[in-house]
Amino acid sequence: MEQSTTVGVIGAGTMGQGIAQIAASAGHGVILVDRDEAAVERAMSNLDRILKRLVEKGRLDPGDSEAILSRIQTSSEVSACAPCGLVIEAIVEKEAVKQAVFSSLESVVGDAAILATNTSSLSVTRLAAGLKHPSRFLGLHFFNPAPLLPLVEVVPALQTRAGLADEMSVLMRNWGKQPAMAKDTPGFIVNRVARPFYGEAIRIHEEGIADIATIDWAMTELGGFRMGPFQLMDLIGNDINYAVTESVWKAFHHDPRYTPSFSQKRNVDAGWLGRKTGRGWHDHADGATAPVPRKDKDLGQDILWRILVMLINEAADAVFWGVANAEDVDRAMKGGVNYPKGLLEWAEEVGLDRCVRALDDLKAEYGEERYRCSPLLRRCAEQQRGFFS
Ligand code: NAI
């Protein structure tokens, strides 16, 4: 795809605004569409502010900043996307609303235009099924904040024509992104593999093994994660995080590995959603004192190891089921959620035998399917081979 191709972005919210910035920064003319005119105006003034800040920090020339902004046109009508060779949809996460937008789009864009969705949780294949020409459709899943996080999950639908996902991966690389190819399965790579970061942390807390401050401390100070699970849930919003867990759990036919937690549901019910409401797991009110972690290294290493081994198990299982290859699973977790190290690389460092033993011990202790070891992890450990080809 040439730089001269005009890129349409539908939805000028958090994600659409970021995607428009990325495409315009890569030299494309962009048409940013939102049915809410105020949303478009907000997005353009946000972009203006963000680009000015980049100029102040010396990361962008003033001329480039103006050129990027001038490449973005706005509209409240999907029909404005008629000249686009690629349209990326980033509107509300509702299948029927997305289907309606793609139907309108198909009646205005040319036959060669590629259509993409930024959905996090809907089936790309089901969305494709609503199109007249599903072979030109796929998922391009960016991460928030899109201009900063390098990962884009490239998700072909069953109907996507051969070669299109590879072409889009090249385009994403040209846009400065790191694409990872993912099979159209619930949560794709990141939203599936990351579940234990939250779920196992909450479980450790619910069992009374440690308080949330100590768990956050163990994961950041001992594990090198940028944020602890409870700090991160409060940033994402417990409502959003709970909804993602619940949707993955339902999509996997209630697999106990993804069972949502009662205590997080209680937070949601209480309106303790996190930073946005001033209270979540932590108290974010002005002047609130942060709880003090129990900096006990032995306890911390338990905590870290139990969450890590569950993450490793998910990563291995995603490879086992062909969701992505080992390289892309590791790239995804580093590029989409800032993990300090690829999980499979980490597993090989600590020893696959040790991971299998830890999972078997947890399964023996609790007797729960939640702790079953991925066949691939066990196989690699037994055959003394790694995940990477
Ligand atoms: P948002 O709520 O910030 O923005 C959505 C925008 O779409 C709103 O401005 C709304 O007016 C507009 N819109 C709704 N229906 C429309 C229609 N029929 N035609 C034109 N515009 C319409 O949402 P956000 O967070 O940007 O999410 C957008 C999509 O990206 C969703 O599918 C979401 O699942 C996905 N996503 C969100 C991430 C996040 O962290 N926020 C991360 C990755 C994907």
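A polar contact, as I shall use the term, is a pair of N or O atoms within 3.5 Å. With that in place, let me turn to the structure, which is a predicted model.

I begin with the ligand. A nitrogen atom of the ligand lies 3.4 Å from a polar backbone atom of arginine 35, so this pair falls inside the cut-off of 3.5 Å. Two further pairs involve oxygen atoms of the ligand. In one, the partner is a backbone N or O atom of methionine 15, at 2.8 Å. In the other, a polar side-chain atom of asparagine 118 is 3.0 Å away from a ligand oxygen. On its own, the ligand has 840 Å² of accessible area, and the protein covers 76% of that.

Which elements give two or more residues to the shell around the ligand? They are α1, residues 14–25, α4, residues 95–106, and β6, residues 137–142. Of these, α4 gives the most, with three residues. In total, 22 residues surround the ligand, and the closest are Met15, Asp34, Glu93, Lys98 and Asn118. By character, the shell divides into nine nonpolar, eight polar and five charged residues.

I now move to helix packing, where I have two pairs to present. The first pair is α8, residues 195–206, and α10, residues 229–236. Their axes are 9 Å apart, and the helices pack at an angle of about 120°. Angles over 115 and up to 145 degrees count as oblique, and α8 and α10 are therefore oblique to each other. The crossing of α8 and α10 is left-handed.

The second pair is α13, residues 297–320, and α15, residues 343–350. Here the axes come within 9 Å and cross at roughly 120°. By the reasoning just given, α13 and α15 are therefore oblique to each other. For the handedness of this pair, the crossing of α13 and α15 is left-handed.

Finally, I turn to the backbone, and to two points in loops. What kind of peptide bond joins asparagine 144 and proline 145? The bond is cis, with omega at about 0°. Proline 145 has its place in the loop between β6 and β7, the latter being residues 151–156. Strand β6 has already appeared in this talk, as one of the elements that give two or more residues to the ligand shell.

The other point concerns histidine 254, a residue other than glycine whose phi is positive, near 65°. Histidine 254 is found in the loop between α11, residues 238–251, and α12, residues 262–270.

Thank you for your attention.

Technical notes: Residues are numbered from 1 along each chain as its sequence is written. This is a predicted model: local features need pLDDT of at least 70, side-chain atom pairs count only at pLDDT 80 or more; totals for chains, interfaces and linings use all residues. Side-chain values use heavy atoms; hydrogens and water are left out. A residue is near a molecule or strand if one of its heavy atoms lies within 4 Å of it. A polar contact is a pair of N or O atoms within 3.5 Å; within protein, one must be able to donate a hydrogen and the other to accept it, and residues adjacent in sequence count only if both atoms are side-chain atoms. Accessible areas come from the Shrake-Rupley method with a 1.4 Å probe; for residues, only the protein chains shown count as cover. Helices (H or I, at least four residues) and strands (E, at least two) are DSSP runs, numbered from the N terminus. Ala, Val, Leu, Ile, Met, Phe, Trp, Tyr, Cys and Pro count as nonpolar, Asp, Glu, Lys and Arg as charged, and the others, Gly among them, as polar. Axes are lines fitted to C-alpha atoms, for helices over the stretch in contact, and angles run from 0 to 180 degrees between N-to-C directions. Angles under 35 degrees count as roughly parallel, over 145 as roughly antiparallel, 65 to 115 as roughly perpendicular and the rest as oblique. A crossing is left-handed if the near helix is turned anticlockwise from the far one by less than a right angle, and right-handed if clockwise.
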